[in-house]
Amino acid sequence: MTIQLKLYQKPLFWISMLIAQVIGIFLFKDLADISQWVVQSERETTMWVWYNRWPLTLVSLLCIGLCLFLKIKDKHLVGNGAFYSLLLLFSFTFFSGMINPHLMMRDRMDNGLFVSIEEGKKYLKPYESVIVLEINGKARAHSDKQLLRPHVAGNGKFAGEDVVMTYCGLTNLGMAFTPEIDGKKLDLAPMTQLENNLVMWDKNSDEPIQQIWGQKEKDVIKNSGHSMKEWPTFRMPFEQFANAYPEGEVYINDYLVKDMRPTFWENPFFAIYDPIMEVIFKLAVAHQETNDEPTFPTIEYSDTRLPSKEKVWGFNVGDEYVAYSEEFVREQGQPINLSLGGKDVVIHYDNNFKSLGIYYNTTGKPIEEIDFYGETEFGKLERVESVKAGAYWIIWVNFYPETLVNPV
């Protein structure tokens, strides 16, 4: 009987190890985010792995546990070099897929740090582009650098509204949402990226949510239309934000800036880990900005109406989509009046505040003069909430290929 058991130990070991390694590779490939630098996965596969990640995790850990048990029982079952190499490989793929994304992209949905403009000047450069959220006369500035790793930043209600800022460095896109769908509260955190755009997940329902859609993945597939409420956002340099909104708030990432992140003696793991992650993220977004091809080769540059990394202000009214480049709007020298989706819209670049604004025109008359705040001779206009300010063209058009470019 003992001899028979020994005959089965080696095949049982290798079958269990193979199962664990295959699952680890799937977790790495589909959930690790950075893995897509080298390997790509179909959206459907990624979603299948996400929805089944816990059963996959259980099976893989049981298989590795069995391998450990068999190795301890018979130390000559497999060579130490091969065994520890395979154990290290599984540890890497499992950690990268199941653990690391939640460490490197620690969200700040409810505990984001917002400081005054004066304090913000310690961390932001005057010319640094910020994504602005203005509600009821109150404004917040979010720089790309500060948003890069948390991806989700808020601290409860702002100006009486439940709102959170989401950010994708690969798309160069900040979008503000009320984290709620069909009356159900969402608890948002980063998950991965697909097609060079952030995918979040709702901790309450476990559902993935593509940032640029603002919808749960299952609803997008079914085209149900259920989505989060989007708030208008726009871009401007930090110095101009300070002039426009002297009482404004500035978002600061507490695990990025040196005088806030933990020291080695307070938390040796994060003291070493976070600077490494910062370098990796900076390299990724720098490559995205300076190369024609996308950093993650999951989309193709097939629409050459604009350079692939041209920053566009894309938006829609109903089912009609348009995209404007800042250079084109500035060249017009006057507001662009446009009819889109049955509504009138005004596009204008303000030279004083160095900001491109897009507003609903409810006056029934063409707008010839408008200021940064939306004031016209006919009254104040409200900003269009669907504007994606400064998104890379290659990504915008990948999601919305039907878009028009710089219409007048």
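Trainee: Which strands form the open sheet, and in what order?

Mentor: This is a predicted model. In it, 4 strands make up an open sheet, ordered E4-E7-E8-E15. Their pairing is antiparallel.

Trainee: Which are the edge strands?

Mentor: An edge strand pairs on one side only. Here the edge strands are E4 (152-153) and E15 (229-231).

Trainee: How many bridges join E8 to E15?

Mentor: Strand E8 covers residues 173-178, and 3 bridges join E8 to E15. The two run antiparallel. For one point of contact, look at Thr178: Lys229 in E15 stands opposite Thr178.

Trainee: Let me move to E16. How many of its residues are buried?

Mentor: Strand E16 spans residues 233-237, and 5 of its 5 residues are buried. The strand is mostly covered.

Trainee: Which residues lie on each side of E16?

Mentor: Start with the general idea. Side chains in a regular strand alternate between the two faces of the sheet. Now the case here. Thr233, Arg235 and Pro237 are on one side of E16. Phe234 and Met236 are on the other. Both faces are covered, and these residues are all buried.

Trainee: Which strand is joined to E16, and by how many bridges?

Mentor: Strand E2, residues 129-135, is joined to E16 by 5 bridges. E2 and E16 run antiparallel. Find Ile131 to see one pairing: its bridge partner in E16 is Arg235. That Arg235 is one of the buried residues of E16.

Trainee: Now the cysteines. How many disulfides does the structure hold?

Mentor: A disulfide is a covalent bond between the sulfur atoms of two cysteines. This structure holds 0 disulfides.

Trainee: Why is there no bond between Cys63 and Cys67?

Mentor: Check the distance. A disulfide needs the sulfur atoms within 2.5 Å. The closest cysteine sulfur to that of Cys63 is in Cys67, 6.9 Å away, so it is too far for a bond.

Trainee: Are Cys63 and Cys67 buried or exposed?

Mentor: Buried means under 20% relative accessible area. Cys63 has 11% relative accessibility, so Cys63 counts as buried. Cys67 has 1%, so Cys67 counts as buried.

Trainee: Last feature. Which residues form the nonpolar patch on the surface?

Mentor: The patch consists of Phe264, Trp265, Ile272 and Ile276. Together they have about 500 Å² of accessible area.

Trainee: Where is Phe264 placed?

Mentor: Phe264 sits in the loop between strand E17 (249-252) and helix H9 (268-290). Its relative accessible area is 42%, so Phe264 is partly exposed.

Key: Residues are numbered from 1 along each chain as its sequence is written. This is a predicted model: local features need pLDDT of at least 70, side-chain atom pairs count only at pLDDT 80 or more; totals for chains, interfaces and linings use all residues. Side-chain values use heavy atoms; hydrogens and water are left out. Buried means under 20% relative accessible area, exposed over 50%, partly exposed in between (1.4 Å probe, protein chains only). Two strands pair if DSSP finds at least two bridges between them. Patches are made of residues with over 30% relative accessible area and no salt bridge: like charges are joined within 9 Å, nonpolar side chains (Val, Leu, Ile, Met, Phe, Trp, Tyr) within 5 Å. Accessible areas come from the Shrake-Rupley method with a 1.4 Å probe; for residues, only the protein chains shown count as cover. A salt bridge is a side-chain nitrogen of Lys or Arg within 4 Å of a carboxyl oxygen of Asp or Glu.
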